[in-house]
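Here are some short exercises to work through with the structure open beside you. Try each task before reading its solution.

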There are 2 protein chains.
Amino acid sequence: MRSGVSKAERAREAAIPVLAEVFREHGYEGASLALLGDRTGLGKGSLYHAFPGGKAEMAEAVLDAIETWFETRIYAPLRDEPDPSVALDRMLTETDAYFRSGGRACLVGAFALTDGRDRFAVRIARYFTGWRDALAAALTRAGFNPGDAADRAEEAVSAIQGGLVLARALDDPAAFGRMLARLRPRLDPSEGATPGR
Amino acid sequence: MRSGVSKAERAREAAIPVLAEVFREHGYEGASLALLGDRTGLGKGSLYHAFPGGKAEMAEAVLDAIETWFETRIYAPLRDEPDPSVALDRMLTETDAYFRSGGRACLVGAFALTDGRDRFAVRIARYFTGWRDALAAALTRAGFNPGDAADRAEEAVSAIQGGLVLARALDDPAAFGRMLARLRPRLDPSEGATPGR
DNA sequence: CGTCGTCTGTACCGATCGGTACAAAATGGG
DNA sequence: CCCATTTTGTACCGATCGGTACAGACGACG
C-alpha cells in the first residue's frame, strides 16, 4: 500500500465491468477463466491476484457493483427524491440506458434463471426486493395507496425482466422500449386509475 | 425396426422430459453429460445411441418437444377455438399448470438469456413469435383491433417471462400467480378499455 | 542504484468436459 | 434354439475446466 490504491485494486475495478459483460453473455458456468482472462486482458496470475477467491469472487464483485450502481442511481432517488414523479421518470430513463434499450441482458435475471441461482441466491433476491421496495415507496408518495403501490412496483420489476427476455429471444431490442412505453402510464397516478392505451 | 417402435425411440421419448428438467435447472452449458446420464438413468452408450448428435441433439429434441406441446395445447386453440374467451382462459390455465404456478422456470427463456442463444436462436425466436401471434389472433377475434391485439399479445408473452424470472429470483412462486392475475383483465375486451384493479 | 514487496506469465495439477470405440450383453424374429 | 441386430457398460480420447505454485519481471521508495 505504497500509494493510496494498490495496482491490484485498480486492476480489479477496471476488470469488473468487463467481467460483468462476460457473465452477462455466457452465464456463470459458461464464463470460463480463459474467456474471462482474454476479455479483461489479464493473465491468470493477475486475475487471481486481484480476485483471490477465483471465479466465484469475480461474480460476487460483479453482483456487488451492479447492486451499488442500482442503489445509488435508481433505488436511492426513488426513496429520497422530493418529487416522486421525477424519480420515476429518472428510473425509466436510467433503466433504458443501463440495458442499452434492450440490447443488453440482465445479469441478475440470467443468474436467477439458471446456474447461479443457488450460489448467489441472497444477492439475486436483494437486487429485486431492493428495486421493488424502493419503487413501491415512490409510488406511495406519488399518490397510490400502499397496497396498490406494492402491486404496481412488483409488476414493473417483473415487466422489465420480461422485456429483456423477449428482446433477447426475438433479437429485437425495440421490444424492450415498447415494454417501457406500456409501463410508464401505469406508474402515473393521474393515468393509473383508468390507463388509456 | 422389428417392432413398430425401436427401444431407442422409446428411450428417447422417455428421456426427453428428464433432459428438459436438467437443461431448465442448469442451462445448456451447465447441464453436463454426467448429470444428464444420471438423471435419465441412461449410460453414455444408451444416451448416444438415442441421441447420436450428442448434447446438442438432446437440447434440440427438448426444444422441439416444448414447441410441440405449446403448439397443440396453447397456440392451436388460440387460433382455432370458436370462442376466443375460452381459448384465452385455457391459455392462462395451461400456462399456470405448465410452469407449476411459478415453481418451474422457462427453458426457452433461460436459453435466450445466456448460453443457448446463438446455438438455438431460431427455435427460441419461433417459440415466442408463435405464442405472440397466436395470442394476437385470439385477441383480435375477441374484439380488440389488430394493432391493440398485437400490442397486448406481446405484453402478455413478455409479462409471463418476467413473472417466471421474478418468481425464481425471489424464490417466491406466488409472484407468478400475481402476474397472471394482473394479466387476465388485460386480455378481456370488456375490461380492457378501462381495466380496474 | 539497490532493495524489497507487488505483480504477472507460465507451467502444471487433478478433475471433468463432450465425445468415440468397441466388446459384451440383451433382444427378438425365424 | 440360433443368430443377426440392437442396446449398453466401460475404457479411453484430447481438450478444457477451475485452481495452484512459483520464478522472475516490475516498480516505488530509500
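**Exercise 1. Work out how chain B and chain A meet in this predicted model.**

Step 1: Start with the residues in contact. Chain B contributes 44 residues and chain A contributes 44 residues.

Step 2: Turn to the area. About 3,700 Å² is buried between the two chains, and carbon and sulfur atoms give 56% of that.

Step 3: Look for charge pairs. The interface of chain B and chain A holds 10 salt bridges by the rule. For an example, find B:Arg182 and A:Glu154, whose side chains form a salt bridge at 3.5 Å, N to O. This pair qualifies because the cut-off is 4 Å.

Step 4: Assign the chain B side to its elements. Helices H1, H6, H7, H8 and H9 of chain B each give two or more residues to the side that touches chain A. H8(B) gives the most, with 15 residues.

Step 5: Sort that side of chain B by residue type: 17 are nonpolar, 10 polar and 17 charged.

**Exercise 2. Describe the protein surface near DNA strand C.**

Step 1: Find the neighbours. There are 17 residues around the strand, and those that come nearest are A:His49, B:Leu33, B:Lys44, B:Tyr48 and B:Lys55.

Step 2: Ask which part of the DNA faces the protein. Of the strand C atoms within 4 Å of the protein, 68% belong to sugar or phosphate, and the rest to bases.

Step 3: Check individual atoms. A backbone N or O atom of B:Leu33 lies 2.6 Å from a phosphate oxygen of strand C, while for A:Gly43 a backbone N or O atom lies 3.3 Å from a phosphate oxygen.

Step 4: Name the main contributor. H3(A) supplies the largest share of this surface, three residues.

Key. Residues are numbered from 1 along each chain as its sequence is written. Chains are lettered from A and ligands numbered from 1 in the order in which they are written. This is a predicted model: local features need pLDDT of at least 70, side-chain atom pairs count only at pLDDT 80 or more; totals for chains, interfaces and linings use all residues. Side-chain values use heavy atoms; hydrogens and water are left out. Contact means heavy atoms within 4.5 Å. Buried area is the accessible area (1.4 Å probe) that two parts lose on being put together, summed over both. Helices (H or I, at least four residues) and strands (E, at least two) are DSSP runs, numbered from the N terminus. Ala, Val, Leu, Ile, Met, Phe, Trp, Tyr, Cys and Pro count as nonpolar, Asp, Glu, Lys and Arg as charged, and the others, Gly among them, as polar. A residue is near a molecule or strand if one of its heavy atoms lies within 4 Å of it. A polar contact is a pair of N or O atoms within 3.5 Å; within protein, one must be able to donate a hydrogen and the other to accept it, and residues adjacent in sequence count only if both atoms are side-chain atoms.
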